[in-house]
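Walk through the structure below, beginning with the metal site and moving outward to the strands and the pocket.

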Amino acid sequence: MNIEWGSGTDPALLEGDALCFIISEAQIQGEGIPAEWAGRLSRLSGAGLFSGKPGQIYILPVLDRPELPVIILAGSGDGRLGMQELRLLMAQTVRAAARLKAALLIVAVPDELHRQSALTAESAGQAIAEGLVLGAYRRRHYKLEQPAYSGPGRVRLHMQRQSEALEDASWKLGIARGLALGEATNLARELTNLPGNMLTPSGLAAAAVAVAERHGLPAEVLDEQELALKGMGGLLAVGQGSNHPPRMIAIRYQGGSEWKDVVGLVGKGITFDTGGISLKRAPGMEDMISDMGGAAAVLGVIEALGRLRPPVNVIMLIPAAENMPAANAFKPGDIITSLSGRTIEVLNTDAEGRIVLGDAITYAREWGAERIIDVATLTGAVVSILGDIATGAVTNNRAFLEEILEAAGCAGEQIWELPAYPEFRELLKSDVADLRNAAGRYGGATTAGLFIGEFAEGLPWVHLDIAGTAFLPKERGVNPKGATGVMVRTLLEYLLRSAARPGIKAEQPLL
Ligand code: BES
Ligand code: ZN
Ligand code: MN
């Protein structure tokens with residue numbers, strides 16, 4: 001999306017396909033509104049059509065000006081919008097513009113918008129750009145007939161005031177940041193929405209290498225021979241039943257002068273999860289195209305880091321595999337040796353995510369990670385607890401999680417911590433191996449997390465289970481139906497904030 005910027009003249013004199021006015025409930029009462037508008041607005045609110053409620057949208061055709069045929073009214077309630085409300089309002093606006101087949105949308109940004117909302121110009125600009133970019137995303141389709149209209153490609157933000165040079169700079173900075181975060185999220189959504197036949201482990205590796213090359217970042221892809229040489233027995237076992245062999249994908253982003261305080265970002269990259277020999281039931285299995293949502297999220301983070309270039313150090317790792325039932329697939333009862341040397345007794349081949357993530361976390365340590373965040377569509381159990389409303393978290397370091405929760409608050413994404421009592425860890429014990437990969441029904445989201453945490457070996461670690469939040473059955477908030485790209489913006493907010501202060505030290509682990 002191309003976001004332009006202007007200020008000064010009356011926006012109603014501009015030319016475009018649609019013009020959005022942000023209107024508060026007070027303005028409906030006539031406050032600070034030109035007389036010719038006051039009458040129309042009070043008639044609309046009298047008829048119960050538009051009252052300025054937050055997020056409310058009303059379309060007004062303009063019959064006498066073909067240069068600007070439609071006005072979109074967008075309600076801002078009491079006018080005090082937080083970042084998330086502002087994002088939502090812009091997402092609704094851009095969706096309305098898309099329904100009207102507008103190519104150029106103009107948004108009149110009221111003078112007092114960010115001051116009334118107690119936002120800085122920078123965060124207001126960021127929220128506006130994010131909302132526009134996030135709201136404009138639709139899953140692509142593969143029908144014979146392709147639509148001629150491809151969405152609002154241009155948005156012009158029109159500041160309703162005289163230009164103040166200093167603030168303009170922060171508005172522009174915020175807009176650039178919002179664009180980067182929004183487009184990184186859309187990249188993650190796009191990859192997550194790709195079906196299993198269009199995105200195999202090597203295809204995911206190619207997509208990652210393309211992102212790395214675009215930003216001049218070093219990337220490494222290990223093929224099945226190299227995985228065997230390294231000893232990544234977990235990833236190999238999960239991928240062995242597929243005709244599309246597994247890959248370990250690494251991208252290194254160095255924003256600091258030295259390679260220290262390295263954050264390991266690890267994303268589950270199962271390009272399709274049939275469950276393997278412990279086959280899933282058929283209804284809903286098609287949604288397992290999204291079982292690389294964690295991989296897409298960490299790759300989205302790299303995309304935005306490449307654009308914004310903050311002073312942080314990140315090693316991104318994606319263990320990529322397709323989990324298939326086959327004559328040569330891994331089986332319940334198999335005992336496999338992970339990269340860390342830990343052995344794993346396989347009780348259920350559908351609990352494959354934790355196995356591949358274990359190897360990736362060990363590898364992240366080899367790359368110098370000093371704290372680790374893993375993102376994974378890991379368990380049905382987390383969906384039973386939190387539905388598609390919040391991402392579940394498990395950690396060995398509360399201070400580390402707190403920072404991520406703060407970042408999530410700013411990004412407008414919801415995370416809820418799951419209890420990680422030591423009793424849960426007991427359930428992962430095996431008679432014949434160091435760990436078993438399934439621990440029964442009780443506390444399934446926690447035990448799955450704790451399995452992964454073993455491989456962090458005491459490093460500060462946070463696990464984010466996005467099984468419920470990565471893929472939605474229908475549009476909600478800034479998210480479309482299908483892939484959401486959840487956690488891209490939380491992780492970026494976390495990294496951008498940590499760029500501003502020294503890294504945390506490994507404190508006493510909880511486990
Ligand atoms: N990819 C699934 C988890 C999942 C479920 C993601 C629903 C998105 C929506 C994962 O690999 C899985 O199958 N987990 C099993 C683990 C069990 C066998 C211990 C599960 O949750 O049923
Ligand atoms: Zn899975
Ligand atoms: Mn599975």
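In sequence, the donor residues of the zinc ion (ligand 2) are spaced K-x4-D-x17-D-x60-E. Donors here are N, O and S atoms within 2.8 Å of the metal (3.2 Å for Na, K and Ca), and since water is not among the atoms, sites may look incomplete. This is a predicted model, in which local features need pLDDT of at least 70 and side-chain atom pairs count only at pLDDT 80 or more, while totals for chains, interfaces and linings use all residues. Residues are numbered from 1 along each chain as its sequence is written, chains are lettered from A and ligands numbered from 1 in the order in which they are written, and side-chain values use heavy atoms, with hydrogens and water left out.

The protein donors of the zinc ion (ligand 2) are Lys268 (NZ), Asp273 (OD), Asp291 (OD) and Glu352 (OE), at 2.0 to 2.4 Å. The angles among its six donor atoms run from 78 to 173 degrees, and the site is octahedral. For six donors, that term requires opposite donors over 155 degrees apart and all others between 65 and 115; four donors count as square planar on the same terms, or as tetrahedral if all angles lie between 85 and 135 degrees, and anything else is irregular.

Asp273 bridges the zinc ion (ligand 2) and the manganese ion (ligand 3), which lie 3.1 Å apart. Asp273 and Glu352 link distant parts of the chain: Asp273 sits in strand 10, and Glu352 in the loop between strand 13 and helix 11, 79 residues apart. Helices (H or I, at least four residues) and strands (E, at least two) are DSSP runs, numbered from the N terminus. Glu352 has a relative accessible area of 0% and is therefore buried; buried means under 20%, exposed over 50% and partly exposed in between, with a 1.4 Å probe and protein chains only.

What are the protein donors of the manganese ion (ligand 3)? They are Asp273 (OD), Asp350 (O), Asp350 (OD) and Glu352 (OE), lying 2.0 to 2.2 Å from the ion. Along the chain, the donors of the manganese ion (ligand 3) follow the spacing D-x76-D-x1-E. Here Asp273, in strand 10 (residues 269-273), is linked with Asp350, in the loop between strand 13 (343-345) and helix 11 (353-366), 77 residues away. The arrangement around the manganese ion (ligand 3) is irregular because its six donor atoms subtend angles of 69 to 171 degrees. Asp273 counts as buried because its relative accessibility is 2%, whereas Asp350, at 23%, counts as partly exposed.

Strand 10, which holds Asp273, leads to the next element. Strand 10 and strand 11 pair in the parallel sense over four bridges, and Phe272 stands opposite Glu322 in strand 11. Two strands pair if DSSP finds at least two bridges between them. Strand 9 (residues 262-267) also pairs with strand 11 in the parallel sense over four bridges, with Met316 as the bridge partner of Leu265. Strand 8 (residues 247-254) pairs with strand 11 in the antiparallel sense over eight bridges, and Arg247 stands opposite Ala320.

Is strand 11 (residues 313-323) mostly covered or mostly open? Strand 11 is mostly covered, with eleven of its eleven residues buried. In a regular strand the side chains alternate between the two faces of the sheet. From strand 11, Asn313, Ile315, Leu317, Pro319, Ala321 and Asn323 point one way and Val314, Met316, Ile318, Ala320 and Glu322 the other.

Strand 5 (residues 104-109) is likewise mostly covered, with six of its six residues buried. Leu104, Ile106 and Ala108 lie on one side and Leu105, Val107 and Val109 on the other. Strand 5 pairs in the parallel sense with strand 2 (residues 18-23) over four bridges and with strand 6 (residues 154-159) over six bridges.

The largest pocket holds about 910 Å³ of space. A pocket is an open set of points on a 1 Å grid over the protein atoms alone, with protein on both sides within 12 Å along at least five of seven lines; lining residues have an atom within 4 Å of a point. Its lining has 36 residues, of which Lys280, Met288, Asp350, Thr379 and Gly380 lie nearest the centre. Helix 12 (380-386) and helix 15 (444-454) each supply at least two lining residues, and helix 12 gives the largest share, four residues.

Definitions and conventions: On a 1 Å grid over the protein atoms alone, a cavity is a set of points where a 1.4 Å probe fits but cannot get out, and a pocket is an open set with protein on both sides within 12 Å along at least five of seven lines; lining residues have an atom within 4 Å of a point. Grid points are joined across faces, edges and corners, and a volume is the space filled by probe spheres set on the points.
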